[in-house]
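Colleague: Could you take me through the enclosed cavities of this model in some detail? I would like to know what lines them, and how the parts around them are built.

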Amino acid sequence: MTKQTGLHFIIFGMIALLFGLLFGSVSGLQFIYPSFFDALPFFKSRPLHVSLVVAWIFTAAVGGIYYYLPKHCGLPLWSNRLPKIHLALFIGTGILIIVSYIMGRFGGREYWEFPPVLAIPIVISWILFGINFFMTMRKKGAPWPVYMWMWGTGIFFFLFTFSESYLWLLPYFRNNVVKELTVQWKSYGALVGSWNMLVYGTAIFVMEKVSGDKSIALSRLSFLMYFLGLTNLMFGWAHHIYIVPSSPWIRNFAYFISMTELLILGKIIRDWKRSLEQAQRNFNILVFRFLVAADVWVFINLVLAIIISIPAINIFTHGTHITVAHAMGSTIGINTMILLASCFYIIQEVTGHGINMKNNRVIAYGFWIANSCLLIFFLCLISAGIGKGIYTAQDKLTFQEMMQKITPYLTVFVFAGIGIFAGMLMIVLPAFKTLFIKSSRVEQQEEQ
Amino acid sequence: MKPVKQMSTPLKRLLFWSLFVSFFIYTAVVLTKGTDNDKGKDFLTEEAKQGKLLYQKYNCTACHQLYGLGGYMGPDLTNTISAAGKGEQFAKAILMGGTQKMPNFHLPEAEINALVAYLNYVDKTGVSNPRHFKINNDGTVEEERIMTND
């Protein structure tokens, strides 16, 4: 039954992704045609887009963990009931959040705009997930592979940072904008780090299974990279708030920590040739193809992240579309590609043969459409961001004039975004259909 | 096949717990001393506190930024009150009538005043335009408040 709950998480994650991309396309069109679809104005469509895409990332990662632990790690879950409660809480809270956005009931802050009371079931669901994960892991002797460390770290830090992001409810934090913004972005920065732990852990797990090379998850280098990632999760968040007037040591320390990512970049460059050979050899394998795409996007985004973490550059790029490029490149190019690889790995297992030939071709087209459009999307945002950064620094144009000048880039960006949605539909719909049918069969088999 | 070089479990635990403890000490300092600086605290009236909650209630952050954090549809509002050609009356007029891109929320006067009071408070806490920062040779930056009220 737990295996099936894992599949249900992934199915609901795919629904969230498709609706998230739909609302993303709507809000994109509203960005350039403000009166487009008046029934759902931008201040409602944007949070719908963001929350649903974030829900996809968490749900697909969590579903994978529920599926992999008993199936591959030889670790039957401590409780089979908790994942079902977790799923029910996820669906129930998700529906309430969507309704609250559509009704225009806000009250929270960016990314968690829903009324704060809805944070309570989210926290409860993660506590249940955490209890189940760590109680299950007690049965596992040392050494844990690195992905298990990453999953555990991701679960703990999600709970911690999500709770921290609600400190604004206390007047001590709310009544000082410097404190409030700093704490908000401290929590958000680390929260992104926590989901990266879940997603990158999944990537290492899938890579280990596809390649059959167990050293990937046990080597000293993997753990060094994990600790480097953890250090950045904990201390590297302040590049979001260089211009907020908090104590200078906060930003200088974050600057130093962010530069340690050069070590990760160095490792990627060192392994470049080997990675390329491996990619060419296995590109025909669907799961591997998505992992290769994620690798390319890791490289692109890491270079951008390092550049915009330098305060002297960040003050010009901050608050421009370059930040959006970084966020979108990471969530679509890295997280979504890895999670799709995980989904196709699971599909291959539950069906025994994977996706049929006809759908395989559709997915291959979808893959190229989504990634090509993402590249155009990314470059347009960078160009728009450079323009906005320069005009803001010059301080000669009004905001409207500035936006008018960068509208051509934003127009292409919006249509490239719709292209990403089209590509994702071609990838996700066949996967969704296959998984939906198979999850029903798994249920029947488990009942027998 | 070459044996894999592994990190010992005690070393992993040591590294993890060292980072973990450091993180909590660091968090405590950030949440207290590191963010105590509030140059605008004299402007934080009860009305401004109310305005902060209204800013969230109407999801202003979907379109607007404070210190470059928030949405991209509308302008950054950090220094709207002290910016040349803007100010409180300008902000009130926008809030009352909306614009081509911003809907008219039909806000009551008390709420408009509260939102403006909040923006006035934020304005006094610092600056968001990169022109107001000094760039050092090592890539770090320092705020140099050269605000203009013309």
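Modeller: Happy to; here is a walk through the cavities, followed by some helices and loops.

This is a predicted model, in which local features need pLDDT of at least 70, side-chain atom pairs count only at pLDDT 80 or more, and totals for chains, interfaces and linings use all residues. Residues are numbered from 1 along each chain as its sequence is written, chains are lettered from A and ligands numbered from 1 in the order in which they are written, and side-chain values use heavy atoms, with hydrogens and water left out.

The model scores ipTM 0.92 and pTM 0.93. Chain B has an average pLDDT (the predictor's confidence in each residue, from 0 to 100) of 91, and 95% of the residues score at least 70.

Now to the cavities. The structure holds three of 30 Å³ or more. A cavity here is a set of points, on a 1 Å grid over the protein atoms alone, where a 1.4 Å probe fits but cannot get out, and lining residues have an atom within 4 Å of a point. Grid points are joined across faces, edges and corners, and a volume is the space filled by probe spheres set on the points.

The largest cavity contains about 160 Å³ of space. It is lined by 15 residues, and L181(A), Q184(A), Y55(B), T61(B) and L66(B) are the closest to its centre. Two elements give two or more residues to this lining: α7 (177-211) of chain A and α2 (46-57) of chain B. Helices are DSSP runs of H or I with at least four residues, strands are runs of E with at least two, and both are numbered from the N terminus. The largest share, five residues, comes from α7(A). By class, the lining has seven nonpolar, four polar and four charged residues. Ala, Val, Leu, Ile, Met, Phe, Trp, Tyr, Cys and Pro count as nonpolar, Asp, Glu, Lys and Arg as charged, and the others, Gly among them, as polar.

The second largest cavity has a volume of about 50 Å³. Its lining residues include R174(A), E180(A), K49(B), K52(B), Y118(B) and Y121(B). Here α7 of chain A is joined by α2 and α4 (109-125) of chain B as elements giving two or more residues. With three residues, α2(B) gives the most to this lining. The classes are five nonpolar, two polar and four charged residues.

Staying with chain B, A62(B) sits in the loop between α2 and β1 (65-66). A62(B) counts as buried because its relative accessibility is 0%. Buried means under 20% relative accessible area, exposed over 50%, and partly exposed in between, with a 1.4 Å probe and protein chains only.

Two helices of chain A round out the picture. In α2 (residues 42-72) of chain A, 28 of the 31 residues are buried, so this helix is largely enclosed by the rest of the structure. After α2(A) comes G74(A), with a positive phi near 65°. As for α14(A), 26 of its 31 residues are buried. α14(A) also bends by about 30° at T336(A), the bend being the angle between axes fitted to the seven residues ending there and the seven starting there. Just after α14(A), G352(A) has a positive phi of about 85°.

Definitions and conventions: 1 Å grid on protein atoms, 1.4 Å probe; cavity = no way out; pocket = protein on both sides within 12 Å on 5 of 7 lines; lining within 4 Å.
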